[in-house]
Amino acid sequence: MAHCCQHHPPEKHQSAKFKTALWIALLLNLGMFLIEVFGGAHIGSTSLWADALDFLGDSVNYIISIFALGMSLYWRATVALLKGLTMGIFALIVLLKVLWSIFYGMAPEAMTMGAIGFMGLMANLISALVLFAFRDGDANMKSVWLCSRNDAIGNCAIMLAALGVFGTQSIWPDLVVASIMAFLGLTAAWSVTQQSLQERRDSQVIQSRRAD
Ligand SMILES: [Zn+2]
């Protein structure tokens, strides 16, 4: 889930094959973000939106890993700050959608919801496998593993919610899972924002010391 995949400083060098793996993971995560946003809107599933939050956050992480290698700490922290704010706003939108759905929502279409949850699980597993297969010597594989495991738990929660919706024809399984995931996403966004603000301050202190 969203709290796992915070930005880690990019490694000093990246092999071409690890960069390819990062690109594959980026495209899979970005694709799933779009599928869950539009699919969730189409079938009325709020938990798909909450899951999309994590795919968005992870996409930004891969973008930082691919493009931020040559950037200064200040700019990396600025990108992370934008990510934290975007995720926070997105999580709030999901929570508002939960509130709205309590009064006006209908049970989502369970089959499609479960199928998209399964696609998300596959996308996360393939990302993890590709990153593992193309890993660099000094790449932080432990964080990739922890991150993928937590994301897979989130995808399975979506499938369980779909099963619950299917069994009860009620909106509640969708809303409960959406609330938990959006709350976790909000917490993650808060800590990413705090950390990146701190890093921006730190880098400015270093800058001004250099100027003296
Ligand atoms: Zn994640």
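Okay, a definition before anything else: when I quote a helix packing angle, it runs from 0 to 180 degrees between N-to-C directions, and the axes are lines fitted to C-alpha atoms over the stretch in contact. With that in hand, take α2 and α5: they pack at an angle of about 160°, with axes 10 Å apart. Anything over 145 degrees counts as roughly antiparallel, so that is what α2 is to α5. As for handedness, α2 passes α5 in a left-handed crossing.

Right, let me back up. What you have on screen is a predicted model, so please hear everything I say in that light.

So what is the protein built from? Six helices and zero strands. Reading from the N terminus, the order is α-α-α-α-α-α, so no surprises there, given that a strand count of zero leaves nothing else to list.

On overall dimensions: the C-alpha atoms fill a box of roughly 65 × 35 × 25 Å along the principal axes. The radius of gyration is 18 Å, and for 212 residues a compact globule would come out near 17 Å, so the two agree.

Now the other helix pairs. Start at the N-terminal end with α1, residues 16–43, and α2, residues 46–67. Their axes come within 8 Å and cross at roughly 155°. That angle is why we call α1 and α2 roughly antiparallel to each other. The crossing of this pair is left-handed. And who sits in the contact between α1 and α2? By class, 19 nonpolar residues, five polar and four charged.

Next pair, α4 and α5. Here the axes are 8 Å apart and the packing angle is about 170°, so again we have a roughly antiparallel arrangement. The contact of α4 with α5 has 18 nonpolar residues, six polar and one charged.

Keep α4 and α5 in view, please, for the last topic, which is the largest pocket. Its volume is about 180 Å³. Which elements give two or more residues to the lining? Those are α4, spanning 110–133, and α5, spanning 141–168. Of the elements, α5 gives the most, with six residues.

If you want to click through the lining yourselves, go to Asn124, Leu125, Ala128, Leu129 and Phe132, then Met141, Val144, Trp145, Ser148, Arg149 and Ala152. By class, that lining divides into eight nonpolar residues, two polar and one charged. The charged one is Arg149, while Asn124 and Ser148 are the polar ones.

So, to recap the α5 story: α5 packs roughly antiparallel to α4, does likewise with α2, and gives six residues to the lining of the largest pocket. That's me done, happy to take questions.

Terms used: Residues numbered from 1 in each chain as written. Predicted model: local features only at pLDDT ≥ 70, side-chain atom pairs only at ≥ 80, totals over all residues. Heavy atoms only, no water. 1 Å grid on protein atoms, 1.4 Å probe; cavity = no way out; pocket = protein on both sides within 12 Å on 5 of 7 lines; lining within 4 Å. Points joined across faces, edges and corners; volume = space filled by probe spheres on them. Helix = DSSP H or I, 4+ residues; strand = E, 2+ residues; numbered from the N terminus. Parallel < 35°, antiparallel > 145°, perpendicular 65-115°, else oblique. Left-handed = near helix turned anticlockwise from the far one by under 90°. Rg over C-alpha atoms; globule rule 2.2 N^0.38 Å.
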